[in-house]
Amino acid sequence: MTVGRNVARAIDALRRGWPVIIDELAVLAVETADEAGLAAFDTPAAADILIAGNRAVTLKLANQRDAVPTGPVRIARMPWIDLAGATAIADPARDLSTPLKGPFQTLPVPAPATAALRLAKMAGLLPALFAGGTPGDDAISVGADAIGVVHDRPALTIASRARLPIAEAEKAEIIAFRAEGDASEHVALMIGEPTGQPPLVRIHSECLTGDVLGSLKCDCGLQLADAIAAIAASGWGILLYLRQEGRGIGLVNKLRAYALQDQGFDTVDANLRLGFSDDERDFGVAAFMLGLLAQPEVRLLTNNPRKVAALEAAGVRVRERVPLQAGANPHNRAYLDTKRDRSGHSL
Ligand SMILES: Nc1nc2c(ncn2[C@@H]2O[C@H](COP(=O)(O)OP(=O)(O)OP(=O)(O)O)[C@@H](O)[C@H]2O)c(=O)[nH]1
Ligand SMILES: [Zn+2]
């Protein structure tokens, strides 16, 4: 219990622009730091900056990555790197209009750097931190191991369930899950009556713009509607609605990725420039939910081979992959092509 509690406190502190100590490394999120907070953190000496390996590629610092090829990079605070300079290092929004020329000087990466950047991602923030400053007396302290445990092994429980008739099926039940140390409340919609056969299952990741607003930039809204219709037509199945907005980078960062796409980067490169991987989702959570729903075997509606592999790896047998028609339109053509060509989707 306490493990999750401290990680949750640390996430909250980062989002508020407060320092956090991870295994004795004090960090402050670049995105939420303000001038006063940074000045205190920089006393008596300026803190360095940690960025994710993928962001380092864009800043032409990839050759500075330590042991791990995709690992973080630590940048020394040259005099030009004030809060605005650090923000330009963290956020690629102005990479094209005002490219950063440095000079950059890099330093050996401290051991908790990877856990620290992971915590920033869990907070929905850009993976960029001031590191090694003075945290003050009241900073939350958390272990790198605890961050790993909360991130890698979501301990879910069923929190509530109720009947939910929907347009496509009068007989449906909604089940909400809670995870320790994480505010995301995942949902399952059980449609129809169990038939003794494996259910038709759709793993859907949250997309506010597509699911709710009818965005034409992606295919999510139509896929969601099609999946519910297909499950209802099959007689019985489950929609798993995972709160993994933006392939796990969160809404704010997805909208940053959209702004980069307006500058000409595709959906994969936009994520990489922000410092994320192409896909930050963990589908282990879907396997966990199926376990709690007592479904060891499924037929999976997807074009994404990673979803099949993740379920199989977590011990859920995927009896069949059922392809899903994409809702193609002129605005999402490049997005769907990129998913096929760069992310291995069979479309
Ligand atoms: N980062 C990022 N996320 C996006 C973008 N467009 C859509 N998304 C997110 O991508 C996710 C879509 O996931 P899914 O519907 O599960 O689909 P998928 O991985 O394409 O696999 P399928 O099962 O084949 O549909 C949602 O979380 C969207 O918010 C984008 O340009 N950038
Ligand atoms: Zn979408």
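1. A good place to start is the pairing of two strands: β10 (residues 187-192) and β12 (residues 236-242) run antiparallel and are joined by six bridges. Within that pairing, Met190 has Ile238 of β12 as its bridge partner. Please keep in mind while reading that this is a predicted model.

2. Now the sheet that holds this pair. Which strands make it up, and in what order? Seven strands form an open sheet, and they follow one another as β8-β9-β10-β12-β11-β13-β14. The pairing in this sheet is mixed. At the edges stand β8 (156-163) and β14 (317-322); each has a single partner strand, so one side of each is left without a neighbour in the sheet. On average, neighbouring strands are turned by 25° against each other, direction ignored.

3. Two helices are worth a look against this sheet. Helix α8 packs on the sheet and touches β10, β11, β12 and β13 (297-301). The direction of α8 makes about 165° with that of β11. Helix α13 (residues 305-313) lies across β11, β13 and β14, and α13 runs at about 165° to β14.

4. On to the ligand, which you may want to inspect yourself. There are 23 residues around ligand 1, and those that come nearest are Ser205, Cys207, Thr302, Asn303 and Asn304. How do the residues of the shell divide by character? Six are nonpolar, eleven polar and six charged.

5. Which elements supply the shell around ligand 1? At least two residues each come from β11 (200-205), α8 (220-234), α9 (245-248), α10 (251-262) and α11 (267-273). The largest share, three residues, comes from α9. Two of these elements have appeared above: β11 is a strand of the seven-stranded sheet, and α8 is a helix that packs on that sheet.

6. Stepping back to the whole chain, its secondary structure comes to 14 helices and 14 strands. The radius of gyration is 22 Å, close to the 20 Å that the globule rule gives for 347 residues, so the chain is as compact as a globular protein of that length. Along its principal axes, the C-alpha trace spans about 70 × 45 × 35 Å.

7. Two further figures round off the picture. Of the 347 residues of the chain, 44% count as buried. Taking the contacts between residues at least 6 apart in sequence, 68% join residues at least 24 apart.

Methods. Residues are numbered from 1 along each chain as its sequence is written. Chains are lettered from A and ligands numbered from 1 in the order in which they are written. This is a predicted model: local features need pLDDT of at least 70, side-chain atom pairs count only at pLDDT 80 or more; totals for chains, interfaces and linings use all residues. A residue is near a molecule or strand if its C-beta atom, placed from the backbone, lies within 6 Å of it. Helices (H or I, at least four residues) and strands (E, at least two) are DSSP runs, numbered from the N terminus. Ala, Val, Leu, Ile, Met, Phe, Trp, Tyr, Cys and Pro count as nonpolar, Asp, Glu, Lys and Arg as charged, and the others, Gly among them, as polar. The radius of gyration is taken over C-alpha atoms; the globule rule is 2.2 Å times the number of residues to the power 0.38. A residue is buried if 20 or more other C-beta atoms lie within 10 Å of its own, exposed if 12 or fewer, and partly exposed in between; C-beta atoms are placed from the backbone. Two residues are in contact if their C-beta atoms, placed from the backbone, lie within 7 Å. Two strands pair if DSSP finds at least two bridges between them. Axes are lines fitted to C-alpha atoms, for helices over the stretch in contact, and angles run from 0 to 180 degrees between N-to-C directions.
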